[in-house]
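Thanks, everyone; I would like to walk through one structure this morning, going from single backbone positions to charges and then to the interior. Please keep the view open while I talk.

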Amino acid sequence: MQELLRRVEQGGALSCGGICASAQPFLAALIQRNFPERPIVIVTDNLKAQESVQQDIGTWLQVASCKLQVDPRENPTCNFQPSTFNPLFYPAWEILPHEGKLPPADVISDRLETLIALSQLSTLNSRPSTLVVTSVTALSQKTFATTDLATRTRTLVRSDHANPLDLVEWLEEQGYEPEAQVTQKGEIAMRGGIVDIFPPTSPWPVRLEFFGDELESLRYFDPLTQVSREEIAGVTLPPAGELGILRDGSQKSEVGGQGADSKLSTLLDHLPSETIFLLCEPEHLAAVADEYAKQIPANDPFFIAWEKFSGELDARRMTRVELSE
């Protein structure tokens with residue numbers, strides 16, 4: 001392990017065989033513990049494996065945060081404390097990009113949560129531990145460009161000044177749907193100086209209370225009872241969707257004579273150069289990527305071939321560790 005960690009620190013492309021599937025999440029957690037300020041992306045071949053890896057990594061991180069208490073009169077006991085670090089989950093859309101329907105809301109929520117967390121890395125004084133669990137299919141699907149996501153995301157804190165009507169209009173442009181009451185993610189409602197909104201990355205909807213143009217209060221509220229809950233200091237408002245907004249943007253770009261993919265990016269564009277990629281069973285990843293590519297029409301603006309993605313990863317000098325049994 002010491003030799004492997006030394007090689008990871010040096011960077012480049014590494015191959016690490018003899019690691020069974022159940023040990024790969026442990027290895028990811030161990031590398032994260034040794035390089036806490038370097039983002040780590042672990043790539044699986046399908047959704048089931050992705051969910052399993054995330055659960056296992058969460059278990060190992062909880063074990064790592066365990067505090068051992070030893071009483072000389074009794075056996076040692078381990079008190080598990082809730083881990084302050086949770087891996088991000090970046091899933092595939094579960095649909096093909098050219099299909100007429102949209103991905104499930106929870107999929108978009110997970111993807112946006114990851115993108116927003118990554119966008120905040122460069123603005124923090126100290127970089128927090130960041131581990132993303134994803135799949136090869138998810139990495140083959142393009143998303144918001146970093147600049148486009150920034151213009152479509154807004155953070156509000158108490159005492160900020162904003163015109164509620166202008167805010168609602170802007171939110172509608174980002175895909176939020178106006179409703180009489182907010183009960184689902186991606187909905188907004190306005191009553192006088194009160195704006196209710198359910199950001200897709202938030203565990204609860206948020207009630208914004210304005211006095212004129214000044215934001216006086218931010219509170220979570222229960223979507224079932226509509227009763228306000230605890231007060232919060234601020235809220236980040238990302239777009240209310242992803243693929244639908246990207247489709248609209250691509251159509252407008254084509255009408256304006258620009259390339260359809262002019263405002264599209266891969267996850268690589270949201271990651272710093274010191275990111276460590278852990279590729280679980282690279283041969284399986286390549287096979288799944290080839291199968292997915294066969295279902296995509298030629299010149300699809302939302303698709304990047306796995307070979308091209310891997311080439312860009314190497315061109316950016318990101319560390320790549322291939323794990324296989």
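Let me start with R317, which counts as exposed at 74% relative accessibility, where exposed means over 50% relative accessible area, buried under 20%, and partly exposed in between, with a 1.4 Å probe and protein chains only. Before going on, I should say that this is a predicted model, in which local features need pLDDT of at least 70 and side-chain atom pairs count only at pLDDT 80 or more, whereas totals for chains, interfaces and linings use all residues. Residues are numbered from 1 along each chain as its sequence is written, and side-chain values use heavy atoms, with hydrogens and water left out.

R317 has a positive phi, near 60°, although this residue is not a glycine, and R317 sits in the loop between α10 (306–315) and β18 (319–323); helices here are DSSP runs of H or I with at least four residues, strands are runs of E with at least two, and both are numbered from the N terminus. E281 also has a positive phi without being a glycine, at about 55°, and its place is the loop between β17 (276–280) and α9 (282–293). E281, however, is buried, at a relative accessible area of 16%.

Turning to charges, how many salt bridges are there? The count comes to twelve, taking a salt bridge as a side-chain nitrogen of Lys or Arg within 4 Å of a carboxyl oxygen of Asp or Glu. In one of them, R207 pairs with D196, with the closest N and O atoms 2.9 Å apart; R207 lies in strand β12 (residues 206–211) and D196 in strand β11 (residues 194–197), so the pair ties together parts eleven residues apart in sequence. Both R207 and D196 are buried. Another salt bridge joins R316 and E312 at 3.9 Å between the closest N and O atoms, and here R316 is partly exposed at 31% relative accessibility, as is E312 at 23%.

Finally, the interior: the largest nonpolar core has 36 residues, and V43, F277, W306 and F309 have the most contacts inside it, a nonpolar core being a set of buried Ala, Val, Leu, Ile, Met, Phe, Trp, Tyr and Cys residues joined through side-chain atoms within 4.5 Å. Among the elements that give two or more residues to this core are β2 (40–44), α8 (243–255) and α10, while α4 gives the most, with five residues.
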